[in-house]
Amino acid sequence: MSLEQIAAGHVASAAAILLTAYFIRGITGFGSGLISVPLLALFLPLQFVVPLILLLDFTASIVIGGFNFKRVKWDEVGVLIPFGIVGVILGTSLLVNLPPEPMLIGLAGFVFIFALRSLFNIRGDKPVSRGWAVPASLTGGTVGALFGTGGPPYVIYLSHRIHDKSELRATFSALFFTEGLTRIGSFLVAGLLMTASVWVAFFAALPLVLGALYLGGRVHVGIGPAQMARLVGVLLLVSSVSLLFKALYR
């Protein structure tokens, strides 16, 4: 898809999606990829959407993490990184080599499961063992590179390890920054970041994304976690159904 086609038909839709996704990212510290990738993939190729959201998410991690550096739980970040890197390499290989339809169906199913979890606020309060960091980071790295939505496995794990919402938000951003560096390197090697259209779209979207992060950060203080979880769940449910429809009838 050329930049002219994107500009002609989809700029307003893409702007609304990015504004919503990064407003929620500003509140929660995660969720931008889960919301933006399925919706953008309805009218843009995954091989364009995933690198674009990688760059925007990396920037968001710098902004949120930089302002909350002292609240990051670095011991939790460190244990997730090694297997996350392995997952990133595997996911990048799949993104380059798989046809789009199976990837879209897989993404729809993945987002649907997490949508139900968010919608019904399914989670426990008991801290989980650090042993769960291995499957969480391996899955998160793979899914993140493949779909640009690696947050859920990390979110599920960290939300059972950290209960202060501001520490959790800051730790998410530090983790996604560190993992984002690995994904950028992997995508550069695979050639996914070597197209001009991705960088033009990134710089065009940056002011909107920064504004959405600022507004979300203002709301973060006052909103309850259960309210936000249900809102995210509704958005993801719609995204997953739309994405499945696209995969089956493209």
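These notebook entries record what I looked up in a predicted model, going from its salt bridges to its helices.

**Entry 1: salt bridges**

I began with the charged pairs and found that the structure holds four salt bridges. I first looked up Arg-130, which pairs with Asp-75 at 3.0 Å between the closest N and O atoms. Because Arg-130 sits in the loop between helix 6 (100–119) and helix 7 while Asp-75 belongs to helix 5, this pair ties together parts that are 55 residues apart in sequence. I then checked how covered the two partners are: Arg-130 is partly exposed at 33% relative accessibility, and Asp-75 is also partly exposed, at 45%.

Arg-130 has another partner, Glu-76, with which its side chain meets in a salt bridge of 3.5 Å, N to O. Here again distant parts of the chain are linked, with Arg-130 in the loop between helix 6 and helix 7 and Glu-76 in helix 5, 54 residues apart. I noted that Glu-76 has a relative accessibility of 5% and so counts as buried, the cut-off for that class being under 20%.

From Glu-76 I went on to Arg-161, since the two form a salt bridge whose closest N and O atoms are 3.1 Å apart. Glu-76 lies in helix 5 and Arg-161 in the loop between helix 8 (151–159) and helix 9, so this pair joins parts that are 85 residues apart in sequence. Arg-161 itself is partly exposed, with a relative accessible area of 26%. Taken together, I record Asp-75, Glu-76, Arg-130 and Arg-161 as linked in a network of salt bridges.

**Entry 2: helix 5 against helix 7**

Next I asked myself at what angle the axes of helix 5 and helix 7 cross. For helix 5 (residues 74–97) and helix 7 (residues 133–147) the angle is roughly 35 degrees, and the axes come within 6 Å; the crossing is right-handed. On the helix 5 side I listed the contact residues, among them Val-79, Phe-83, Gly-84, Gly-87, Val-88 and Gly-91, and on the helix 7 side I found, among others, Val-134, Ser-137, Leu-138, Gly-141 and Ala-145. Sorting the residues of this contact gave me 13 nonpolar, seven polar and no charged.

**Entry 3: helix 7 by itself**

I then looked at helix 7 alone, whose 15 residues reach 20 Å from the first C-alpha to the last, close to the 21 Å expected. Helix 7 is mostly covered, with eleven of its 15 residues buried, and these include Ala-133, Ala-136, Gly-140, Thr-142, Val-143 and Phe-147. Just after helix 7 comes Gly-148, for which I noted a positive phi, near 70 degrees.

**Entry 4: Arg-183**

Is Arg-183 buried or exposed? I found Arg-183 in helix 9 (residues 165–190) and read a relative accessible area of 5%, so Arg-183 is buried. Leaving aside residues up to four places away in sequence, I listed what Arg-183 touches: Leu-54, Val-88, Gly-144, Ala-145 and Gly-148. Of these names, Val-88 and Ala-145 had already come up in the contact of helix 5 with helix 7, and Gly-148 as the residue that follows helix 7.

**Entry 5: helix 3**

Last, I checked helix 3 (residues 32–40), which is mostly covered, eight of its nine residues being buried. The buried residues I wrote down for helix 3 are Ser-32, Gly-33, Leu-34, Ile-35, Ser-36, Val-37, Pro-38 and Leu-40.

Note on methods: Residues numbered from 1 in each chain as written. Predicted model: local features only at pLDDT ≥ 70, side-chain atom pairs only at ≥ 80, totals over all residues. Heavy atoms only, no water. Buried < 20%, exposed > 50% of the residue type's maximum accessible area, 1.4 Å probe, protein only. Helix = DSSP H or I, 4+ residues; strand = E, 2+ residues; numbered from the N terminus. Axes fitted to C-alpha atoms, helices over the stretch in contact; angles between N-to-C directions. Left-handed = near helix turned anticlockwise from the far one by under 90°. Contact = heavy atoms within 4.5 Å. Nonpolar A, V, L, I, M, F, W, Y, C, P; charged D, E, K, R; others polar. Expected span 1.5 Å × (residues − 1).
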